[in-house]
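This report describes a model with two protein chains. The sequence and structure come first, and the description follows.

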Amino acid sequence: MSTERDFPAGLEPERYELTAPPRYRFEVDRREFFKFLGAGILIVSVWKGAHGQESGSDKAARGESLPKEIGAWLHIGEDGTVTAYTGKAELGQNIRTSLSQAVSEELHVHIDRVRMVMGDTKLTPYDRGTFGSRTTPEMNLRLRQVASAARDILVGMAATQWQVDRNRLAAADGKITDSGSKRSVEYAALVKGKELTETLPAEDPLTPATQWSVAGRSVPKVDGRDFVTGKHRYPSDQKLDGMLHGKVLRPPSFGATLSTLATSEAEKLPGVIVVHDGDFVGVAAPSTEIASRALATIRAEWKSQPQISNKELFEYLKKNPVAGAGPLESAFNYEAGSIEKAVASADHHLQQTYTVNYIAHAPLEPRAAMAEWSGDNLTVWTGTQRPFGVRTELAEAFRMPEDRVRVLMPDTGSGYGGKHTGETAIEAARLARTAKRPVKVFWTREEEFSWAYFRPAGVIDISSAMRKDGTIVGWEFHNYNSGAAGIRTFYEIENQRIQYHPSRTVLRQGSYRALAATANHFVRESFMDELAHLAKMDPLEFRLKNLKNDRLRTAFEAGAKKFGWGRAKTSESQGFGMGGGFEKGDNLATFAEVAVDRKSGDVRVVRLLTAFECGAIVNPDHLRNQVEGGNVMAMGGALFEAIEFQNGQIMNGRFSDYRLPRFSDVPVLETVLLDRPDLPSAGAGEGSLVGVAPAIANALFDATGVRLRSLPLVPNGLKVS
Amino acid sequence: MATTRQLHINGLVYATDADPEASLLFVLRDHLDLTGTKYGCGEGQCGACTVLIDGKARRSCITRLGDVAQKQITTIEGLAKGDQLHPVQQAFLDEGAMQCAYCTSGMIMTAVSLVNAKADLTAAEISRSMEGNVCRCGTYTRIVAAIQKAARVMQESR
């Protein structure tokens with residue numbers, strides 16, 4: 001079995017495509033639940049399908065132990081409060097809202113009565129993490145099932161109490177009503193004094209999306225008021241009595257090792273504690289400002305190693321494959337028909353190389369954690385997409401069992417795949433252990449740029465063989481390092497060879513919203529444009545000729561219609577382009593209009609339209625928000641974002657040097673939502689990114705005749721003579 | 001040893017013995033526990049730390065504590081009147097103009113200063129004036145809509 005630990009150091013590929021089961025599964029004592037939940041009823045749901053275990057997880061709980069393979073649980077308390085527990089984390093995707101909607105919908109209770117407890121390793125069931133757009137397809141469904149089962153149980157309880165046929169009873173607005181006698185009872189009254197546990201027996205019937213009343217609507221962010229008043233406490237806002245502020249001494253370059261150290265000046269400052277443990281050197285002080293001052297007085301010499309810089313990057317990635325790539329990488333490789341035969345029989349051949357630079361997530365809230373020891377037990381509040389993964393990291397760092405570590409995740413200032421790891425959690429915990437007081441570590445922007453991790457850079461070689469009529473017959477695609485997400489083509493091509501080649505990375509790399517799907521879509525959809533021009537066909541017509549998938553065709557056609565694809569240009573500077581695909585269950589097509597000032601090189605994206613279909617829509621307004629936001633974020637990586645590095649140092653690791661999309665960059669944004677209530681809901685946090693780069697690249701070609709094959713496309717504009 | 005000085009924040013008087021060279025942002029956050037004002041970059045480039053000083057939007061991360069004694073400071077915590085949200089706060093909620101909302105405090109404070117200065121605002125004017133504020137989640141169009149809405153509401157109630 002593969003776990004994340006099987007990967008070479010430094011390489012953190014496609015985490016969300018891994019199935020990493022928990023290392024331990026502890027007994028769960030039902031009495032423990034009621035101790036912290038209070039009386040009421042508790043409904044527990046067990047993972048099935050992909051997460052299903054052989055060990056008869058469908059069996060109802062007997063005795064005092066609950067099943068170990070729990071996906072979610074839900075409690076209805078004596079005051080009628082419904083609390084749902086999930087290990088998922090809120091970072092701005094607004095899943096706290098969409099999951100509350102799911103519970104409200106199936107339990108027939110007002111959304112104000114629903115409370116979500118999320119990402120707390122003590123209170124919530126184990127969860128691999130919040131990534132890969134899995135919350136909506138998995139956790140939303142799971143909570144709907146739990147809530148639906150809870151409603152069913154409440155109906156049964158009322159039927160028993162009244163001695164009537166349960167078919168006469170209906171659940172609505174937090175009450176069970178008897179249609180015969182017109183009497184009704186609130187959920188709260190039904191559960192009073194009970195300590196009842198139920199484990200979901202089997203798949204329960206769910207309300208079809210066509211009949212949704214709470215789900216499927218634009219419910220506003222559930223605790224929005226706390227965010228506009230500054231009341232919400234993010235991880236970086238946490239505070240405990242006696243808490244100190246921690247800072248960690250950073251090496252001058254990646255991989256440098258400490259040779260000499262002098263900390264006596266720092267130790268003289270009032271209230272300052274210095275910790276030196278191997279290569280870890282840190283301080284804790286009563287305020288951030290004193291901690292910074294203390295850190296500045298420390299004298300250290302480091303031994304550095306020469307390292308690869310920007311200009312050598314792409315050559316390096318191709319020449320340094322990781323030997324013995326694991327089964328996970330090769331699982332994405334695909335071979336069909338015979339490339340050699342296709343090449344021999346085709347009329348047109350085209351071969352190109354594309355490149356993608358490292359970029360930073362730059363979440364507006366840098367990493368932060370507050371740690372507190374109580375005897376041998378450690379509690380850490382931190383912003384992470386993997387609270388349980390961070391618990392494992394802490395347990396390993398401090399060589400202690402996981403059941404003595406609790407990680408809590410307050411709703412966090414975004415992550416975009418960039419907060420899978422527990423750096424600040426470990427740093428704060430190490431400082432707190434010596435300080436014997438709670439310590440908070442809150443990275444500076446510069447630290448976040450240098451010591452987090454990046455979206456992988458990559459090189460992609462692509463070649464294709466095509467008949468005169470525009471039928472693609474051969475497709476060969478080699479991705480070096482950037483990743484395997486979205487590597488397969490969705491066009492109908494008889495002969496294919498698709499390979500992902502992991503390389504030794506130069507910078508620390510890891511997950512990123514949509515990850516490699518952005519690079520792979522950029523290349524595939526740009527190259528489709530190149531082929532369309534070679535075949536002298538309209539890019540839309542060319543795509544549809546080679547595409548059978550109905551959902552994707554619909555996205556392209558709906559987008560093209562709304563965009564007005566095919567209309568004539570009104571000025572020489574104008575260009576139109578498209579890019580689309582299938583990612584994380586989303587079918588989408590993005591259309592771009594650009595304007596290029598050939599003399600000054602100024603490039604403007606004037607309009608961006610995305611047609612988006614992700615099955616049954618759970619919350620239209622939040623979906624629109626995700627699609628628009630994803631489009632804007634993707635513009636940064638498409639147009640100008642790139643990490644510059646030299647000899648183990650990040651050269652542009654601050655906002656004055658690293659350009660992010662700002663108000664003035666934002667084009668007219670249009671989103672065409674294609675609702676499919678007949679299909680299961682897919683997540684939508686990532687798919688909206690992947691069409692943007694190719695749509696813009698193709699539009700720039702349309703405007704200027706210049707084909708750009710590297711991301712970012714125009715960090716310095718586009719001058720055309 | 002640093003002396004104690006008074007700060008006028010949200011209509012209240014706070015005492016602090018922090019170094020006059022310290023940034024206002026960290027005094028607000030670490031010393032006074034007013035954590036609604038956020039750190040984003042420390043160089044005045046992202047706007048997350050915006051507060052009002054004598055009614056004008058200022059980056060608290062690059063404002064020295066010593067420079068703001070005797071001035072009226074307003075933070076996000078001081079904007080609502082009791083349960084009554086400021087029209088800009090309400091408009092951000094109405095327009096769903098946030099995702100992770102970490103930038104929201106700074107966006108709102110910059111916007112308050114903007115709508116106080118000028119009632120009639122076009123989308124282009126708002127965009128230009130808000131250029132120093134970053135929303136990494138990309139909710140810019142919604143923020144523009146929210147500010148326009150707030151400006152309208154405020155104008156009508158004048």
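Chain A and chain B bury about 4400 Å² between them, and carbon and sulfur atoms give 52% of this area. Buried area here is the accessible area (1.4 Å probe) that two parts lose on being put together, summed over both. Three residues, A:Val228, A:Leu364 and A:Phe663, supply 20% of the area that chain A buries against chain B, more than any other three residues. The contact takes 58 residues from chain A and 52 residues from chain B, where contact means heavy atoms within 4.5 Å.

The model is predicted: local features need pLDDT of at least 70, side-chain atom pairs count only at pLDDT 80 or more, and totals for chains, interfaces and linings use all residues. Residues are numbered from 1 along each chain as its sequence is written, chains are lettered from A and ligands numbered from 1 in the order in which they are written, and side-chain values use heavy atoms, with hydrogens and water left out.

**The two chains**

Chain A has 18 helices and 33 strands. Helices (H or I, at least four residues) and strands (E, at least two) are DSSP runs, numbered from the N terminus. The radius of gyration of chain A is 27 Å, which agrees with the value near 27 Å for a compact globule of 721 residues. This radius is taken over C-alpha atoms, and the globule rule is 2.2 Å times the number of residues to the power 0.38. Along the principal axes, the C-alpha atoms of chain A fill a box of roughly 80 × 75 × 45 Å.

Chain B comes to 5 helices and 5 strands. From the N terminus on, its elements run β-β-α-β-β-β-α-α-α-α. Chain B has a radius of gyration of 15 Å, close to the 15 Å that the globule rule gives for 158 residues, so it is as compact as a globular protein of that length. Its C-alpha trace spans about 50 × 30 × 25 Å along the principal axes.

The table sets out burial and exposed area for each chain. Buried means under 20% relative accessible area, exposed over 50%, and partly exposed in between (1.4 Å probe, protein chains only). Accessible areas come from the Shrake-Rupley method with a 1.4 Å probe; for residues, only the protein chains shown count as cover.

| Chain | Buried residues | Exposed area and carbon and sulfur share |
|---|---|---|
| Chain A | 63% of 721 residues | about 27300 Å², 49% from carbon and sulfur atoms |
| Chain B | 56% of 158 residues | about 6200 Å², 48% from carbon and sulfur atoms |

Among contacts with a separation of 6 or more, residues 24 or more positions apart account for 76% in chain A and for 56% in chain B.

Charges are counted with Lys and Arg as positive and Asp and Glu as negative, leaving out His and the chain ends. The place of a charge is taken as NZ of Lys, CZ of Arg, CG of Asp or CD of Glu. Chain A has 89 positive and 89 negative charges, with mean positions 1 Å apart. Chain B has 16 positive and 16 negative side chains, and the centres of the two sets lie 5 Å apart.

**Backbone details in chain A**

The peptide bond from A:Leu711 to A:Pro712 is cis, with omega near 0 degrees. A:Pro712 is found in the segment after strand 33 (710-711).

A:Ser133 has a positive phi, near 55 degrees, in a residue other than glycine. The loop that holds A:Ser133 runs between strand 6 (114-118) and helix 3 (135-162). A:Ser133 counts as buried at 12% relative accessibility.

Phi is also positive at A:Asn481, near 80 degrees, and this residue is other than glycine. A:Asn481 sits in the loop between strand 25 (472-480) and strand 26 (495-501), and counts as buried at 1% relative accessibility.

**Two strand residues in chain A**

A:Ala589 belongs to strand 28 (residues 586-596) and is buried, with a relative accessible area of 0%. Not counting residues up to four places away in sequence, A:Ala589 touches seven residues, A:Ala555, A:Phe556, A:Gly579, A:Gly580, A:Leu609, A:Thr610 and A:Ala611. A:Ala589 and A:Arg115 are 474 residues apart in sequence and 36 Å apart in space, C-alpha to C-alpha.

A:Leu169 lies in strand 7 (residues 169-172) and counts as buried at 9% relative accessibility. Beyond four places away in sequence, A:Leu169 touches residues including A:Val155, A:Trp162, A:Ile176 and A:Asp178. From A:Leu169 to A:Lys182 the separation is 13 residues in sequence and 9.6 Å in space, C-alpha to C-alpha.
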